[in-house]
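Subject: Structure handover

Hello,

Here is the structure I promised to pass on. Please open it first, then read my notes below.

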Amino acid sequence: MKKLIGVLGSLWLGLPLVLAQTGLPDPGATSAQTPDEKTISRLDGELFYELLLGEISVQEGEPGAGFSLILDAARKTGDPQLYQRATEIALQSRSGDAALQAAQAWKQALPASRDANRYLLQILIALNRISDTAEPLKTEIELAPVAERSLALAAIHRAYARASDKKLAVTVVEQALAGYLSSPDTATAAWTAVARLRLAAGDSAGALEAVRRAQAGDAHAEGPALVALELMHPKLPEAESLVKKYIEGNAKAQPEIRMGYARSLLDAQRYAEAGAQLQVVTREKPDYPEGWLVLGSLQLQDNQLAPAQTSLERYVGLAEQQPAQAERSRGLAQAYLSLSQIAEKRKDFAAAERWLGKIENAQDLVQAQTRRASILASQGKLAEGRKLIRQLPERNPGDARMKLVAEINLLRELKLYRPAYDLLADANRRYPNESELLYDQAMMAEKIGSLPEMERLLRQVMQLKPDYHHAYNALGYSLADRGVRLPEARQLIQKALEFAPTDPFIRDSLGWVEFRMGNKAEAAKIFEAAYKAKPDAEIAAHFGEVLWSLGQRDKALAIWKEGQLLNPDNETLQETLKRLRVKF
């Protein structure tokens, strides 16, 4: 008997936890344990051999048979380890329905088991049965110890992150949390959870209202302020008010929140206010490296060379003591580059070269300099920005190409399409037969209205790299958008789908050509699937127009409003609304 126990234990230990490999989320329950002699002693001979046979079946590639045997043993013994093992076998074999069956049986047998309930909740979410999650969610919060209840509430938005219907998830969670939303002890954590779910569903106004309620429950709570930071936008000024309320009411506010606020202010080009926040961060948390880096960069931008050098050198001293990692490497590269610029402004070219020499990764150097170039361009100093990129050192042949691409991207970002096209033409002369550069030049040719040149370049890409699906899609979409050679457009897009069958943007192109060919119902089906797979402003523009043409105007307006929330500056969406004379 002991020998058999050892065999069974070895089999159990030899089976890894594979939830992460299945694509289904790990509910975070305790990992399966080897059944000890006490567990096995509860089994009679027949049950014991049934369990052993189940494990052998799994190892020999018959998970269905093994699952049935172990679940049967779990039902006969009521043992939670066996229920968990049966559930994990089903997850390992990617059988969601079987996993749900096991979790439901486990929950029914042991209704007070938090592990059983957690598995059930996560499996239902993974199977997209969101409407069925209300009761397991309620139970998950109820079973959490009172001291851990706020943590359980804070984890809800992560549990529902994979839900495809985000709006339904919001409705279900709000119903499940009704009692917690009104209880003084849990209102802040519960409303913060709702705020995150509403934000994920694209309901910024609803998320803002939830943050307001969360902060009303506890003005010192960090969670509501973090969501408010994510909501900060010129169109939602109240979000900033909530961030400021938290910061001003908490003398020892976490530096990450002040830093997030400072970055939002920098993005809005409110440099003086950003500087004031950074001064507070570096004064109250002098060992926080990022504060010194951003402050030094801002001081350099204002040409305050001495303070900038002090701040950046302080950052370097702190960062060089940290463990090596990608973020540290990028930050140091930015600091070295800025210190080099300070030395150059002082005509200390030897020091400038020494700082540049510390940057080991050429890509870090290009990224940091491109960022500064973009800032200069936004201030009307494009020539200076381009000069910054061109002055980057070239330590190997690849660096020259990297600089060229960085300058092209800067021009494209600023919508300076003609200069970008000219620079790409030069790049293709220097680096002939590079499909990505040719494709980029084709896209710029379209932007400047040179459609025959665009088609010539795209066909050249197809010849060089027959599986480059972007080229087929771009040409097919362009033809469809102009309403010309529609059968050929469809053929090109279908060719692109052969290489990337799940790409929502190519499916968007297919929907558009179907619409142009008069197949409105088919187009609507294609767009609905594409938009569900990838909520995007451009897909929303097309989907809304098809719905509008079908007379489904309320639905079209709802889709367009969602698109505006996703990207209010999207050119296709703006043009569509203007052309159809739609006003909200």
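Which residues in α20 are buried? They are P289, G291, W292, L293, V294, L295, G296, S297, L298, Q299 and L300. That makes eleven of its 13 residues, and the helix is mostly covered. Keep in mind throughout that this is a predicted model.

**The whole protein**

Start with the overall picture. The protein has 584 residues, and 49% of them count as buried. Its secondary structure comes to 36 helices and zero strands. The C-alpha trace spans about 85 × 65 × 50 Å along its principal axes.

How much accessible surface does the protein have? The total is about 28600 Å². Carbon and sulfur atoms account for 50% of that surface.

Now the charges. There are 74 positive and 75 negative side chains. The centres of the two sets lie 5 Å apart.

Contacts across the sequence come next. Take the contacts between residues at least 6 apart in sequence. Of these, 53% join residues at least 24 apart.

**Back to α20**

This helix covers residues 289-301. Does its length agree or disagree with the expected span? It agrees: at 1.5 Å a residue, 13 residues should span 18 Å, and the end C-alpha atoms are 19 Å apart.

A partner for α20 sits in helix α19, residues 271-284, which holds T282. T282 counts as buried because its relative accessibility is 5%, and the cut-off for buried is under 20%. Setting aside residues up to four places away in sequence, T282 touches G291, W292 and L295. Those three residues are among the buried ones in α20.

**Two more buried residues**

A73 lies in helix α5, residues 63-77. Its relative accessible area is 0%, so A73 is buried. Which residues does A73 contact, leaving aside neighbours within four places in sequence? They are L47, E50 and L82. E46 is also worth finding in the viewer. E46 is 27 residues from A73 along the chain, and their C-alpha atoms are separated by 9.9 Å.

T572 is found in helix α36, residues 571-579. Is T572 buried or exposed? It counts as buried, because its relative accessibility is 18% and the cut-off is under 20%. Beyond its neighbours within four places in sequence, T572 is in contact with E538, A541 and H542. With E538 there is also a polar contact: the two side chains are joined at 3.4 Å.

**Positive phi angles**

One backbone point to finish. Most residues other than glycine have a negative phi. Three residues here are worth a look on that score.

- N303 follows α20, and its phi is positive, near 65°.
- K415 is not a glycine, yet its phi is positive at about 65°. K415 lies in the loop between α26 (397-413) and α27 (417-430). Its relative accessible area is 48%, so K415 is partly exposed.
- N433 is not a glycine either, and its phi is positive at about 65°. N433 lies in the loop between α27 and α28 (435-447).

Where should you look to begin? I suggest T282 and its contacts G291, W292 and L295. Then move on to T572 and its polar contact with E538.

Best wishes

Note on methods. Residues numbered from 1 in each chain as written. Predicted model: local features only at pLDDT ≥ 70, side-chain atom pairs only at ≥ 80, totals over all residues. Heavy atoms only, no water. Helix = DSSP H or I, 4+ residues; strand = E, 2+ residues; numbered from the N terminus. Expected span 1.5 Å × (residues − 1). Buried < 20%, exposed > 50% of the residue type's maximum accessible area, 1.4 Å probe, protein only. Polar contact = N/O pair within 3.5 Å; in protein donor to acceptor, adjacent residues only side chain to side chain. Contact = heavy atoms within 4.5 Å. Areas by Shrake-Rupley, 256 points an atom, 1.4 Å probe, with all protein chains shown as cover. Lys, Arg positive; Asp, Glu negative; His and termini not counted. Charge placed at Lys NZ, Arg CZ, Asp CG, Glu CD.
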